[in-house]
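Ready for a few warm-up problems with a protein model? Open your viewer, try each task by yourself, and then walk through the solution.

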Amino acid sequence: MAQPLLKKDDDRDEEAEYSPFLGIEKGAVLQEARVFNDPQLDARRCSQVITKLLYLLNQGETFTKIEATEVFFAVTKLFQSRDIGLRRMVYLMIKELSPCADEVIIVTSSLMKDMNSKTDMYRANAIRVLCRITDGTLLTQIERYLKQAIVDKNPVVASAALVSGIHLLQTNPEIVKRWSNEVQEAVQSRAALVQFHALALLHQIRQNDRLAVSKLVTSLTRGTVRSPLAQCLLIRYTSQVIRESAPNTQTGDRPFYDYLDGCLRHKAEMVIFEAARAITDLSDVTSRELTPAITVLQLFLSSSKPVLRFAAVRTLNKVAMTHPMAVTNCNIDMESLISDQNRSIATLAITTLLKTGNESSVERLMKQITNFMSDIADEFKIVVVEAIRSLCLKFPLKYRSLMNFLSNILREEGGFDYKKAIVDSIVILIRDIPEAKESGLLHLCEFIEDCEFTYLSTQILHFLGIEGPKTLDPSKYIRYIYNRVHLENATVRACAVSTLAKFGAAVDTLKPRIFVLLRRCLYDSDDEVRDRATLYLDTLGGDGSVVETDKDVKDFLFGSLDVPLLNLETTLKNYEPSEEPFDIASVPKEVKSQPLAEKKAPGKKPIGLGAPSTGPVSTVDAYEKLLSSIPEFADFGKLFKSSASVELTEAETEYAVNVVKHIFDKHVVFQYNCTNTIPEQLLENVTVIVDASEAEEFLDVATKPLRSLPYDSPGQTFVAFEKPEGVPTVGKFSNMLRFIVKEVDPTTGEAEEDGVEDEYQLEDLEVVAADYMIKVGVSNFRNAWESMGPDFERTDEYGLGPRESLAEAVNAVINLLGMQPCEGTEAVPPNSRSHTCLLSGLYIGSVKVLVRLQFGIDGQKEVAMKLVVRSEDETVSDAIHEIVASG
């Protein structure tokens, strides 16, 4: 008698005991396969052996060519058995072995015989196997049988032929496309699965012809589709047609919307849900269009089937992101789902309620969520925390209850990602709701008293150093910070020392107490902590006198590092000790990790400056050294920026040329990197003739030709232009490569003495406004914005015209200005009607610039933008507006 399986799920390690395939080996199974050769076949025994072989194949076991061939030939002998169950196993085995072309011939006759058998089960399976293992040549021979099978009266046979057609469309599309008439006939079948498979195949045949798909949808939406599965497919195809069609210009109605609306009253639940989801996914959907879909989804919320409740609440959750008011009618039903046994449903219900709830329901929601949080996994908790953060920003007056809730769950057990989500939420609330600052900072202080994550402790201490000194009573935070010096690891202790120094610099009355605490840190066991304490004591003036802190000291402590850390690290590594101290001004400010990496055309060697590939700094330094070593450019001053290389020739042409734009305050130098790809030629006196007729403000001042350009040896020629000082002058330049060609003897490698002058047309080159801006990120945009001050702020609004999406408009403005997006604001959420983007950069003349962009898009896809610029120079703020106005 079989053992009871009551405790099977208690111990996962014991599950293997219940597998009938435990411990089977390939060698032993191959030995067992010899039963296929017995004169008297045992159908049951043969089926068991095939089952083991299939198990091994599906577990990733590989058979050698000889083993696979032997098994295949042995299996083909089983066609002599009339046992239906064994025959089905044989079909499966042949499909899995995927025999080669030579072996296929062995079973083709047997399979074709089965395909015309009177037993429908044989016919259906034989069709599937033949289409799986056959090639195009054999397919043409059996095409007539497949066409007949598609319109067969038996739905199993017809479905087998249609599914085989779907697979064959990937490998032999021309043959399958000839079956259109038969497939169209199958679409009218009364069998649900046949209609479903026929519609799927017909759509795949026509999917590249938009007009044909539109006609298909038009004809089928008139009520000829009975199968619920096929109806779901048709709804998806209809949604695709709606997306690609424009609304009726007279009535404003969408084509086929009435069909989707009618499907909401279908008797099959899957069709109702598919139609509701299709309506909610429509672009620019209106409240009138949404209402019937929301109504049926609301009915599903109270369904006894968990899958329907989950589908409905997930769809409503998605709708709540863009149309929260449309979902508010479902709030009562969703509140009952908070206690649902399925935690996924409960989490989605809560997050949806948090998006759609009103101010009066916040307290009630918080009580319900408190009991719920202990029962769900961290990944669900993070979703809830993010939803609570959004709710608090929506109703700032309710910050007390929401902040208390966040602080309570912060004390509970949880992983790093969960704790980080809570801390990030509290930080955002402190920044955006001034009234929440005091209580929020205290909650964070209490958390770091018992925080096990070093990263979170350091982030909170850093934030405390920025926001704490601005509070009414900064002294109450000192105890929490100094506790970290005694009780934490070296990383946190060093961060705590920096935070103490910030309090000392910002609050003069606290200086004497801060000095005492910093002096105690001089005896710390870690050298980083000691070094920081020494530095800050010296910077703040450790004599104990209460004097106002210098502006330079505050900038040093609170200002953001305006050079990328990677660049700083590389420059420090390359710095050679000497009498001259290290100058941070020598660190390039480019954000890209390899801003000047040369592009490689296929089959070519890299062309251009042969700088070492140790990182961005060495490449920038190499450019600067190269240009300063050329007498014509030596007095141009400090190089502000070098662009990425721009290809001026197509791939695989006779000559490969790209250009790098070097920007100086009063000059622009074009460095043309050239490679000769013809072995039989030597180029001499290589220059680029630049026509600046479309760049009137640029004046040609110097040219440095390339004396010789042998085969496959990169070289550079330069052209310099003068431009108005500190102005983002733009223009278009046409380029012609001019040189003397000398033939090279392939045997000796020597060039002829006489050469021929020749020219080669290059692509045009543009100097744009973005060339005068370096991408420089800021670690904290809000602080940088406030410290910049409103003195040179300029604000204006612009119409950007019709755009495909808000994301396209955002990217266009970012590319126009050439600035660095901050805090991930370049990413626009789907279906957003408004968006804020933050940009930072360094304008020519090394002037810091910060930009706030606010976008909005209306129903006609017209985009409006508000541009707010702050910089250290009012002319620069005006220049940014001029760039946008003229762009």
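**Exercise 1. A loop residue and its neighbours**

Which residues does Asn780 touch, not counting residues up to four places away in sequence?

*Solution.* Keep in mind that you're working with a predicted model.

Step 1: place the residue. Asn780 sits in the loop between β12 (773-775) and α34 (781-788).

Step 2: list the contacts. With residues up to four places away in sequence left out, Asn780 touches Arg431, Ile466 and Glu823.

Step 3: check the accessibility. Asn780 has a relative accessible area of 10%, and the cut-off for buried is under 20%, so Asn780 counts as buried.

Step 4: try a pair that is far apart along the chain. Asn780 and Leu522 are 258 residues apart in sequence, and their C-alpha atoms are separated by 30 Å.

**Exercise 2. Two domains and what lies between them**

Work out how domain 2 and domain 4 meet, starting from the domain bounds.

*Solution.* Step 1: get the bounds. The protein is divided into domain 1 (213-284), domain 2 (377-570), domain 3 (637-767) and domain 4 (772-886).

Step 2: take the centres. For domain 2 and domain 4, the C-alpha centres lie 29 Å apart.

Step 3: count the residues in contact. Domain 2 brings 8 residues, which are in contact with 9 residues of domain 4.

Step 4: put an area on it. The size of an interface is often given as the accessible area lost when the parts come together. Here domain 2 and domain 4 bury about 670 Å² between them, with 38% of it on carbon and sulfur atoms.

Step 5: look for charge pairs. The interface of domain 2 and domain 4 holds 2 salt bridges. Glu786 and Lys470 have side chains that meet in a salt bridge, at 3.8 Å from N to O.

Step 6: widen the view. A network of salt bridges links Asp432, Lys470, Arg782 and Glu786.

**Exercise 3. Sorting salt bridges**

How many salt bridges are there by this rule, and what do some of them tie together?

*Solution.* Step 1: get the total. The count comes to 34 salt bridges.

Step 2: pick a pair between helices. The side chains of Lys52 and Glu32 form a salt bridge of 3.4 Å, N to O. Lys52 belongs to helix α2 (residues 43-58) and Glu32 to helix α1 (residues 26-32), so this pair ties together parts that are 20 residues apart in sequence.

Step 3: pick a pair within a helix. Arg123 and Asp120 meet in a salt bridge at 2.8 Å, N to O. They are 3 residues apart in helix α6 (residues 120-133), which means about one helical turn separates them. Arg123 counts as buried at 16% relative accessibility, whereas Asp120 is partly exposed at 28%.

Step 4: pick a pair between loops. Glu725 and Lys666 make a salt bridge of 4.0 Å, N to O. Glu725 lies in the loop between β8 (715-722) and β9 (731-743), and Lys666 in the loop between β3 (655-663) and β4 (667-676), so the pair ties together parts that are 59 residues apart in sequence. Lys666 is partly exposed, with a relative accessible area of 39%.

**Exercise 4. Backbone angles with a positive phi**

Where are Asn685 and Ser846 placed, and what is phi for each?

*Solution.* Step 1: Asn685 is in strand β5 (residues 681-694). Its phi is near 50 degrees, a positive value in a residue other than glycine.

Step 2: Ser846 is in the loop between β15 (834-843) and β16 (847-857). Phi of Ser846 is near 55 degrees, again positive in a residue other than glycine.

Step 3: add the accessibility. Asn685 counts as partly exposed at 44%, and Ser846 is partly exposed with a relative accessible area of 44%.

**Exercise 5. Out on the surface**

Is Gly799 buried or exposed, and which residues make a nonpolar surface patch with Leu193?

*Solution.* Step 1: Gly799 is found in strand β13 (residues 794-802). Gly799 has a relative accessible area of 68%, so it is exposed.

Step 2: Gly799 and Met865 are 66 residues apart in sequence, yet 6.2 Å apart in space, C-alpha to C-alpha.

Step 3: turn to the patch. Leu193, Leu229 and Met270 make a nonpolar surface patch of about 250 Å². Leu193 is in helix α11 (residues 192-206) and is partly exposed, with a relative accessible area of 46%.

Terms used: Residues numbered from 1 in each chain as written. Predicted model: local features only at pLDDT ≥ 70, side-chain atom pairs only at ≥ 80, totals over all residues. Heavy atoms only, no water. Patch = residues over 30% accessible without salt bridge, like charges linked within 9 Å, V, L, I, M, F, W, Y side chains within 5 Å. Areas by Shrake-Rupley, 256 points an atom, 1.4 Å probe, with all protein chains shown as cover. Helix = DSSP H or I, 4+ residues; strand = E, 2+ residues; numbered from the N terminus. Buried < 20%, exposed > 50% of the residue type's maximum accessible area, 1.4 Å probe, protein only. Domains from an automatic or database assignment. Contact = heavy atoms within 4.5 Å. Buried area = accessible area lost by both parts, 1.4 Å probe.
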